[in-house]
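Welcome! Please take a moment to look over the model below, and then we can explore its inner spaces and charged pairs together.

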Amino acid sequence: MRLPNDENLDTMTATVANSPKKITDKKAPVTAKKKMIARDVSWLSFNARVLQEAADTAVPLRERIRFLGIFSNNLDEFFRVRVATLKRMMSIGKSTKMHLEENPGKILDQIQTIVIDQQREFDRIWKDIAHELEAQHIFLRTEKHLNREQQKFVLNYFNEQVRTNIIPLMIESIQHFPILRDKSIYLAIVLARQDNSVRQKFALIEIPTTVLPRFIILPSKEGEHDIILLEDLIRFCLPNIFSYFGYDKFSSHIIKVTRDAELDIDNDISDSLIHQIEKGLKDRRKGKPVRFVYDKDIDPLLLEYLMRRQGLSGKDNLIPGARIHNFKDFMDFPDSIFPPHTHRKNFIHPLFLNAPSVMHVIQQQDVMLHFPYHSFDTIIDLLREAAIDPNVSSIKITAYRLARNSKIVNALVNAARNGKNVTVVLELRARFDEAANLDWKARLEDEGVKVFLGIPNMKVHAKLCVIKKRIGNKTLQCGFVSTGNLNEKTAQLYGDHCLLTANRSVIADINRVFSYLENIRHDVKILAGCKTLPVSPLNMRDTFLKLIDREIKNARNKKKAGMILKMNSLSDPILIAKLYEAAKAGVDVKMVIRGICCAYTENKKWKKNITAVSIVDEYLEHARVFIFHHGGQEKVFIASCDWMVRNLDHRVEAAVPITDMAIRKELIDIMKIQLSGNVKARILDNDQKNQYKKEGDKKVRTQIEIYKYLHEKQYQ
């Protein structure tokens, strides 16, 4: 599953020339890429799993509609980022070395074929859902199916709410064709007269979904719910809109353009970066079209005109669809028309339930929070406590994506007001959150918070915090390492882990990472001092390579060897080649991968095939967990990074080893539950078929079982 602002689609566009020297010296085996599934094909396979959830009649109807919205939103971002990048590669030519696919043209052709097939499946699923809505007396009314009361309501609503928010464009009389906005939908209209007395004209109306709801609930019969889409409400009012032109015949169809969302920014991490991002955000609106979606029943002359005026051709991902587009809005389909949803409520971790001080608990023992099962309030309470504790002297924290009304920011602002030294490392280049993070920077600095913006050629993606307090002559420190963003909204929907700790070696390394981030030269030697935390871009890949090598050695010596790996995406060619080596040696490799999996999992030459599943369910599986058998002394890590080139070589990331025996067992138990799943787990095979895993006599829906496990767990 995918939700807005997940970072799954960030792409590596850096050339070898711009890469750190350390990275260019370490290349994957020549054959590695040929033994990998194309990244973009694998991603489309992931989105097909989202579509499977929408097709599943066992899923509540409201959730099926939501999954259609998620699928649509995912696909939009895929075209904005990945397809745009492939097109850029084609325009650059073969002479430029890139960290990307070798044949972008071929992959674009594959994408076009797969996307059109998925669009057909999408349309079929939506028709089925529409029939089920009608069976539950929920009707989507078009402009042609309104009774008199509803017609009166629509006209009043249009005059009071809509009229001032739309400006029709008579596009044939405009010398320079308007730039159609990404994320918007447009009503493309043919104006004519019944008697053909005047030549037909073309017009465009942008549907104002940014200021008005897409779904308007109409007056309805008792026991029924009638809804009209905003574009259909406007369709009904076309005679009123164009009355002064004398037209009395209208045909209208929804179109939308998806644009290249890459930001061209320089490497100067200073005020110039802010200006570059601000300029990039403006330029993003003018990005090259990478997809044009239209109603398949559109007037052929209008379609030809729109393509010609926008400079589009048959090679530009032209996607014919049904009547409705921008299905991402269906994530906000009205809840009020459905029966109340009985949702599993998250709960405070028992160790904090009646504790007067979060910091006191952490000083006594490590605690692992598992979101969304555990409440994110504990993190907010920790920062609030630090903000008002007179003994706390400083707070340092990284921030990638923040909630719209961030309680995290409120706590940090209050800490600064209370005289604490507050440092925030804010990543301005978090894709699609750039504008929001610029605003957060201004607010934090206005309140006296010290804000650092990042590192040239790198994104700061590590999720770290350290709090320092002074009691007499004694300094106490605590903090956390997390797999997920400090975002209380997504923490209710994303599956993540967060280690709260006062472990001295862990805290010492967190401080080293902050020293590196705050150092004006960003001297990587500072990171070399980390003794406990594997960090990118220094030694994350090497750490995992050595751990896999240990398993390979044990397997070759006829000892038990195995690993359990959970991540969002697997595409790093070096680590994939090492996994193949492990499978060939007989290491028991089990993987839970939500999204991209470029690794093949079956090979006749291997002693043991790789077991890999993808879980798509109510919550987004976002955590990264790595478990190695290690001769019976399991090595267990949580991390902020996936096994991708971008994470390992071009980002600041952090992993943390779990040393507490109880927490280690807890994570292993949770991963065993995920591997036993046979309701929402799909098998990741060589052909990316997404077949459901059906093994076992008992049905195991992993997210429900994990909730039960954590809810019933007893702590000392």
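How many cavities of 30 Å³ or more does the rule count? The count comes to five, where a cavity is a set of points on a 1 Å grid over the protein atoms alone at which a 1.4 Å probe fits but cannot get out. This is a predicted model, in which local features need pLDDT of at least 70 and side-chain atom pairs count only at pLDDT 80 or more, while totals for chains, interfaces and linings use all residues. Residues are numbered from 1 along each chain as its sequence is written, and side-chain values use heavy atoms, leaving out hydrogens and water.

The largest cavity holds about 150 Å³ of space. Of the 14 residues that line it, the closest to its centre are Ser72, Gln119, Lys256, His325 and Asn326.

Now to the charges. Across the whole structure there are 44 salt bridges, each a side-chain nitrogen of Lys or Arg within 4 Å of a carboxyl oxygen of Asp or Glu. Three of them are shown here:

| Salt bridge | N to O distance |
|---|---|
| Arginine 80 and aspartate 182 | 2.5 Å |
| Aspartate 128 and arginine 124 | 2.9 Å |
| Glutamate 143 and arginine 323 | 2.7 Å |

Arginine 80 is buried at 3% relative accessibility, and aspartate 182 is buried too, at 17%; buried means under 20% relative accessible area, exposed over 50%, and partly exposed in between (1.4 Å probe, protein chains only). Aspartate 128 is partly exposed at 32%, as is arginine 124 at 40%. Glutamate 143 is buried at 15%, whereas arginine 323 is partly exposed at 31%. Finally, Glu53, Asp56, Lys680 and Arg682 are linked in a salt-bridge network.

Note on methods: On a 1 Å grid over the protein atoms alone, a cavity is a set of points where a 1.4 Å probe fits but cannot get out, and a pocket is an open set with protein on both sides within 12 Å along at least five of seven lines; lining residues have an atom within 4 Å of a point. Grid points are joined across faces, edges and corners, and a volume is the space filled by probe spheres set on the points.
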